[in-house]
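Hi,

Here is the structure I promised to pass on. Have a look at it first, and then read my notes below.

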Amino acid sequence: MAKVLVIEDNPANMTLATFLLKSAGHTVYCAADAEIGLTLARTEQPDLVLMDIQLPGMDGLQATALLKSDQATRAIPVIALTALAMKGDEERIRAAGCDG
């Protein structure tokens, strides 16, 4: 199964994502902010990153841009997660480097 990094600051959302992914047999790494998530992405080399867009401090779009600009992490697919999608968000999310 896959190694999945979930970067999410909402505890309820993190619990749900972790439960669903582990139930499907995946290994899950958790980060409550972008800085921890970037470190985990570099050290654990997950197969997928699920990235919350609205994070405290550095937001998910900035973190994605950093992941995609780093040779060590640029090939890791990043899927954006957000509860507050607005018109035009998909273009911003794709422009930052998110794969979906």
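Before anything else, a bit of vocabulary: two strands count as paired if DSSP finds at least two bridges between them. Keep in mind too that this is a predicted model.

With that in hand, start at strand 4, where I79 is the bridge partner of L50. Next to that pair, V49 stands opposite V78 of strand 4. Strand 3 (residues 48–52) and strand 4 run parallel, and four bridges join them. Strand 4 also shows two faces: V78 and A80 are on the covered one, while I79 and L81 are on the uncovered one. That fits a general pattern, since in a regular strand the side chains alternate between the two faces of the sheet.

Now zoom out to the whole sheet. It is open, has four strands in the order 2-1-3-4, and its pairing is parallel. Strand 2 and strand 4 (78–81) are at the edges with a single partner strand each, so one side of each has no neighbour in the sheet. On average, neighbouring strands are turned by 20° against each other, if you ignore direction. Helix 1 (residues 11–23) packs on this sheet and touches strand 1, strand 2 and strand 3. The direction of helix 1 makes about 165° with that of strand 2.

On to strand 1. Is it mostly covered or mostly uncovered? Mostly covered, as four of the five residues of strand 1 are buried. Strand 1 runs parallel to strand 2, with five bridges joining the two. One residue to click on is L5, whose bridge partner in strand 2 is Y29.

Helix 1 has a nice residue to look at, T18. Its relative accessibility is 13%, and buried means under 20%, so T18 counts as buried. A polar atom of the T18 side chain lies 2.8 Å from the backbone oxygen of M14. If you leave aside neighbours within four places in sequence, T18 is in contact with V28 and C30.

Helix 2 (residues 34–44) is worth a slow look. Which of its residues are buried? They are A34, G37, L38, L40 and A41. Looking down the axis of helix 2, these buried residues fall within an arc of 165°, so they line one face of the helix. The general reason is that an α-helix has 3.6 residues a turn, so residues three or four places apart point the same way. Among the elements covering the buried residues of helix 2 are strand 1 (3–7), strand 2 (27–31) and helix 3 (60–69).

Check both ends of helix 2 as well. D33 caps the N-terminal end, with a side-chain oxygen 3.1 Å from the backbone nitrogen of E35. Just after helix 2, Q45 takes a positive phi of about 50°.

Last up is a pair of helices. The axes of helix 3 and helix 4 (residues 89–96) come within 8 Å and cross at roughly 30°. That makes helix 3 roughly parallel to helix 4. Which residues make the contact? From helix 3 they are L61, T64 and A65, and from helix 4 they are R92, I93 and A96.

Have fun clicking around!

Cheers

Key
Residues are numbered from 1 along each chain as its sequence is written. This is a predicted model: local features need pLDDT of at least 70, side-chain atom pairs count only at pLDDT 80 or more; totals for chains, interfaces and linings use all residues. Side-chain values use heavy atoms; hydrogens and water are left out. Buried means under 20% relative accessible area, exposed over 50%, partly exposed in between (1.4 Å probe, protein chains only). The arc is that of the directions from the helix axis to the C-beta atoms. Contact means heavy atoms within 4.5 Å. A polar contact is a pair of N or O atoms within 3.5 Å; within protein, one must be able to donate a hydrogen and the other to accept it, and residues adjacent in sequence count only if both atoms are side-chain atoms. Axes are lines fitted to C-alpha atoms, for helices over the stretch in contact, and angles run from 0 to 180 degrees between N-to-C directions. Angles under 35 degrees count as roughly parallel, over 145 as roughly antiparallel, 65 to 115 as roughly perpendicular and the rest as oblique.
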